[in-house]
Structures are given as structure tokens and as C-alpha cells.
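User: I should like to work through a protein model step by step. Please show me the sequence and the structure before I begin.

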Amino acid sequence: MNAGPLNARERSQLMDDLITGEISEADLLRIEAELSIDAQARQEYYRKLQLDQLLEQEARDRGACVLNSEAARDFDSLRPAPDPINVHRSPALSLANRWWVPLLVGMAASWLLFQFLAVPHGKRSPFVATSIQGDALTTVVNEQSASGFGSLTGLSNVVWDSAPIPAGSLLTNRDIRLLSGMVRLELFSGVDIVIEGKADFTIDSPMQLTLRSGKARARVPEPAHGFRIKTSSGDIVDLGTEFSVDANLDHSRIQVVEGEIELHGGKSLRKRVRPGTTISWASDGLLTEVADDATKIPSVASIGPTEFQQITQRRHALKIQRWQQYTANLRRDQRLVALYQVNPGDKQTRRLPNQVKSINPRASVGAVVASQRAPDRWGREGGALSFRPMGSRVRVNVPGEFKNLSLFCWVKIDKLDRRYNSLFLTDGHEEHEPHWQIMNDGRMFFSIKPSRKTTELAKPSRKKIFFSPPIESSELNDRWTMLATTYNTDQRRVTHYVNGDVISSQSIQDKDVVETIRIGAASIGNWSEPMYQTDPEFVIRNLNGALDELAIFNGVLSTQEIQEVFQTGNPHE
């Protein structure tokens with residue numbers, strides 16, 4: 001085949017050749033690049049492989065016959081395909097062979113009928129739409145998505161002047177008006193805003209809000225510096241970390257609580273405002289410094305500890321004490337970059353402190369978005385974060401470069417109902433950036449994109465995915481589990497652990513080794529690109545479950561060290 005971008009026909013043929021094992025080395029590189037960057041292509045490949053697997057089974061069990069609707073349901077339940085590069089199939093079942101075309105047509109017809117009957121009218125199937133043209137089967141798979149730039153996480157005595165918005169709703173860029181009361185908004189960039197009515201505002205993106213009138217107080221985490229509030233007077237640009245504004249059509253009053261902001265107005269105005277300063281800014285551009293604190297807005301109160309929490313704390317006191325002593329030493333480990341633990345006694349904050357004592361490099365404080373408090377693995381109420389609400393995540397920034405990487409977390413999975421379920425993902429998936437998640441069949445997924453060589457600059461960046469075997473449901477379903485993964489460039493090896501035990505260890509080929517790992521802005525429990533996102537539609541990656549601890553190391557933890565982490569922190573013993 002010709003070099004250059006693949007058209008639909010070429011792509012389909014290369015997938016067929018890959019499944020049958022008849023693909024050349026050059027074509028293998030082309031289709032691998034296509035699958036690494038194109039989600040639709042990956043889904044098309046998965047469907048083709050699932051068809052091939054089903055046909056192979058049918059040929060063994062029943063011969064060449066038309067599948068009924070029961071077989072179609074079996075087809076839908078097949079697992080996602082393993083890494084395409086390792087898949088080989090018998091030429092006897094190749095898409096190039098024509099003897100089973102009637103079988104394929106019959107199966108596709110059954111599948112279409114199943115989709116028509118199973119999916120309510122007016123709703124898009126999150127999985128597949130299939131069509132047949134002659135002997136060709138075309139499959140388009142849509143990942144689940146939703147629209148919004150953030151979540152409405154709190155209401156206090158609200159009287160609406162626009163359509164009411166229930167707590168927990170996703171926020172799009174429609175106009176929102178309050179007659180009175182307060183609302184709390186958590187944007188996907190990590191920005192936490194309280195707005196008090198009478199107010200009229202619009203969420204333009206995860207990094208911008210237009211406030212036509214009303215009071216707002218914004219706390220902006222490090223990954224979202226540059227967040228902007230537009231007013232009739234001009235733009236307020238955050239430089240970190242917290243500020244308030246009282247806006248109307250005539251003027252705005254701005255106070256910097258912590259960090260700095262910059263006022264942008266007209267063609268040339270650029271004025272920095274330091275902490276403790278209050279500015280009156282008229283719509284005609286006149287700036288006046290004032291002495292009072294009229295723009296300060298109180299925080300929304302959180303619920304305190306419950307009696308159940310006190311009882312379970314006493315019951316688990318010895319275990320917790322042992323773990324606290326262990327983590328006190330762990331925090332001083334020079335390899336530790338981030339240690340995020342949810343404090344059950346501090347429910348008012350939406351910040352997740354980094355417990356690391358070392359200085360270089362050190363990850364930022366986490367900004368909690370939409371996640372709700374849940375019981376932790378010790379049974380303490382409010383000691384974990386539930387990522388079930390749509391859009392839930394913790395926004396962090398991890399500076400520096402690393403040669404090796406180790407990750408561990410304690411999670412409780414309610415349901416693996418997405419194809420990809422996030423543990424820790426960088427905002428995009430650029431070169432040298434890691435992604436760590438769980439597939440819907442229970443396999444752990446880890447990847448880091450290597451650099452493109454000089455001779456390959458015109459090609460898309462590819463990634464090598466390191467899958468574990470599926471985790472046993474008894475270890476994962478509705479039970480607190482410790483997951484860990486290490487990336488060892490010295491030994492060229494990726495190792496996955498469950499509850500301290502090695503479940504897979506895979507070699508890294510020289511061409512796939514990344515010796516300069518970078519993370520930057522990232523999310524725990526979800527995935528997004530809030531710094532650049534202008535379209536409210538996003539792919540759903542939030543973890544349907546809870547997490548109470550996550551650690552990142554600039555180095556490789558040994559098997560003995562990971563077993564020690566598990567044994568000391570295991571709540572089940």
C-alpha cells in the first residue's frame with residue numbers, strides 16, 4: 001500500500017491483515033500509529049477482532065450458519081481486544097475469504113436488530129452502530145460522553161431567576177441567574193467558585209467565567225493559573241490563588257485574598273494587584289484602591305464528623321496508628337513526589353494536601369472537583385473521595401522529569417462501566433507522559449509515549465500499552481484494593497501489582513523506553529484537557545468508585561517495599 005494517511009478502505013484492509021497475521025512490518029507500523037491516535041479506529045479494530053473470535057467459535061461449534069439473536073448477545077459480551085501487535089489469527093477465518101460472507105451478513109443483521117430493540121428510541125448507543133455495503137462491514141463505535149465545563153456542587157437558600165439547576169448537575173455555557181442565595185461551582189480545571197445573588201453569569205469554559213452582576217469568590221489551584229473572570233469593567237486574570245469580585249454594569253470591586261491577580265482592560269491596561277488589596281474598577285476604566293473588605297464572600301459550610309465515624313475510628317485505632325507511623329516515615333522518602341491522603345477530619349476544604357516532606361520535585365496540592373466524601377478503607381466517614389458523580393476528579397500539577405516511576409493507590413471499585421476507568425492521567429497524552437487506568441474487563445493499563453525519532457517527525461506519536469491480566473473480581477469488586485505499577489528503565493520492565501502481589505511483569509523494548517518522564521497538569525480519577533478545552537463535550541473516564549490514597553515516586557519501589565506498603569495499610573487484617 002502507498003505511504004501517507006490511511007483512507008477508510010486501506011485502514012480496514014490493514015486491520016484484516018493484522019488479524020490474520022499476514023501483515024508486513026511496514027504496514028504494521030502504519031496501522032499501529034493509526035490505532036494509537038484514533039479512538040474510532042481502535043473501536044473498529046476491536047469489533048473486527050470480536051467478529052473474528054465469534055466466527056472461529058461458531059465454526060468449531062456449529063459450522064457456517066447464521067447466528068441467532070442469542071449469539072448476537074454473546075458477541076456483545078466479548079472482552080476488549082488485547083494489544084493488536086500480539087494478535088495472530090488463522091488465515092482460514094480471514095476477512096479476505098468469502099465462504100462465510102452470508103454468515104457475517106446474518107450476524108450483522110442480528111446485531112442491528114438487537115441494537116434497535118435494546119436501545120431506546122431517541123438515545124444514542126454508547127457502543128456501536130453497524131452498516132453493511134455489499135460484502136463490507138463498517139463499524140463506528142461511540143465512546144460515552146457528556147456536555148459541561150464543571151459541576152454545581154452546592155446550593156444555599158437559592159431563589160432562581162432562570163431555570164433551576166439541581167445540585168450535581170453539569171454546567172454548560174448557558175446564562176444562569178440568581179435572585180438570592182449562593183451556589184458553589186467546581187470547574188473541571190479545578191477552580192472552586194462561590195457565587196452570591198443577585199447574580200447573572202455564564203460559564204464560558206473550565207478556564208473562564210463571565211460575571212455580568214453578582215458576587216463571586218474563586219479559589220484557583222496551581223494547574224489552573226490563568227483562570228479569567230470577565231466583567232463589564234474588564235478581565236480579572238488569576239495568577240494564584242484566591243480572589244473575590246462584586247460586579248455590576250457600572251463597576252466592579254475586586255479583592256485579592258491570596259496570591260496575585262492581573263487586571264486587563266482596553267488595549268493597554270495591565271495592572272497587578274497584590275494580596276490584601278481591594279480595587280474599585282469603573283466600567284470607564286477608572287481604578288481606585290479602597291480600604292474596606294466589602295467583597296469578601298463566606299465559604300459554604302460542610303458537615304462535621306458523625307457518630308459512626310467516631311465509633312469506627314476507635315475500632316480501627318491501632319491499625320490506623322500503625323499506618324500513620326509508617327506513612328510518617330514514608331513522607332521523608334527522597335523518591336516520593338506526591339502522597340495524597342484524604343483527611344476525614346477536614347471536610348470543609350476542597351483541597352487535597354500533598355503530604356511529602358521532601359522539596360525537589362514536589363507535586364502541588366490537589367483541587368477536588370465534584371467528588372463527594374465517602375467512607376475510607378478504615379471505615380471512617382469522609383476519609384475517601386467518591387468519583388461516581390459525573391465530572392469528578394482531583395486536579396494536580398507534578399513538575400520535574402523522572403527516569404523511573406512508581407505509582408500506588410487504594411481504591412474501591414463499584415463498577416467498571418466505562419471502557420477506560422481512570423486512576424491517574426495527564427491532561428493530554430503527549431510524548432513522555434504516563435497514563436494509568438483500568439479496562440472494563442479488569443485489566444490494568446499503563447502507557448508512556450516515547451519520543452518520535454527525527455526520521456519519524458511526520459508520523460503521529462505512538463504509545464506502547466502494558467496490560468496486566470484481568471484482576472480477579474473477588475479482589476476488585478466493592479472491596480478496598482491496593483494497586484501499584486512500576487516503570488523501570490534500568491531493567492527495561494513494567495510490573496503490575498495487586499494487594500502487594502506481582503500479577504504481571506513485561507519487558508520494554510529499546511524503541512519504547514522513555515528515560516525522561518514528564519507529568520505536569522493531571523487528574524486523579526478522571527481525564528480532561530481543561531487548559532485548552534472550548535467544547536463542552538468530553539469523554540467519560542471518571543472512576544466509578546472511591547479512592548483514599550495515591551502516591552507517586554521518582555524511582556522504582558521493590559517488590560518487598562510494595563508488599564510492606566500493602567501489609568501495613570491493609571484494613572482487612
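User: Over which residues, for which the model has 134 contacts beyond four places in sequence, does pLDDT stay under 50?

Analyst: This is a predicted model, in which local features need pLDDT of at least 70 and side-chain atom pairs count only at pLDDT 80 or more, while totals for chains, interfaces and linings use all residues. Residues are numbered from 1 along each chain as its sequence is written, and side-chain values use heavy atoms, with hydrogens and water left out. The pLDDT is the predictor's confidence in each residue, from 0 to 100, and a contact means heavy atoms within 4.5 Å. The stretch with 134 such contacts and pLDDT under 50 is residues 63–141.

User: Which element of the protein chain has the highest mean pLDDT?

Analyst: Helices (H or I, at least four residues) and strands (E, at least two) are DSSP runs, numbered from the N terminus. The protein chain averages a pLDDT of 78. Helix H4 (residues 69–76) has the lowest mean among the elements, 40, whereas the highest, 98, belongs to strand E27 (residues 493–498).

User: Why is helix H1 largely enclosed by the rest of the structure?

Analyst: Helix H1 covers residues 8–20. A residue is buried under 20% relative accessible area, exposed over 50% and partly exposed in between (1.4 Å probe, protein chains only). Among the buried residues of H1 are Leu14, Asp16 and Ile19. H1 is largely enclosed because the number of its 13 residues that are buried is ten.

User: Which residue caps the N-terminal end of H1?

Analyst: Just after H1, Gly21 takes a positive phi of about 80°. At the N-terminal end, a side-chain oxygen lies 3.1 Å from the backbone nitrogen of Arg9. The residue that supplies this oxygen, and so caps H1, is Asn7.

User: With which side chain does the side chain of Lys48 make a polar contact?

Analyst: Lys48 lies in helix H3 (residues 39–61) and is buried, with a relative accessible area of 10%. A polar contact is a pair of N or O atoms within 3.5 Å; within protein, one must be able to donate a hydrogen and the other to accept it, and residues adjacent in sequence count only if both atoms are side-chain atoms. At 3.1 Å, the partner of the Lys48 side chain is that of Asp16.

User: Which strands stand at the edges of the open sheet of eight strands?

Analyst: Two strands pair if DSSP finds at least two bridges between them. The antiparallel order is E16-E17-E20-E29-E22-E23-E24-E25. Each edge strand has a single partner, so one side is left without a neighbour in the sheet; these strands are E16 (351–352) and E25 (464–467).

Conventions:
Expected span 1.5 Å × (residues − 1).
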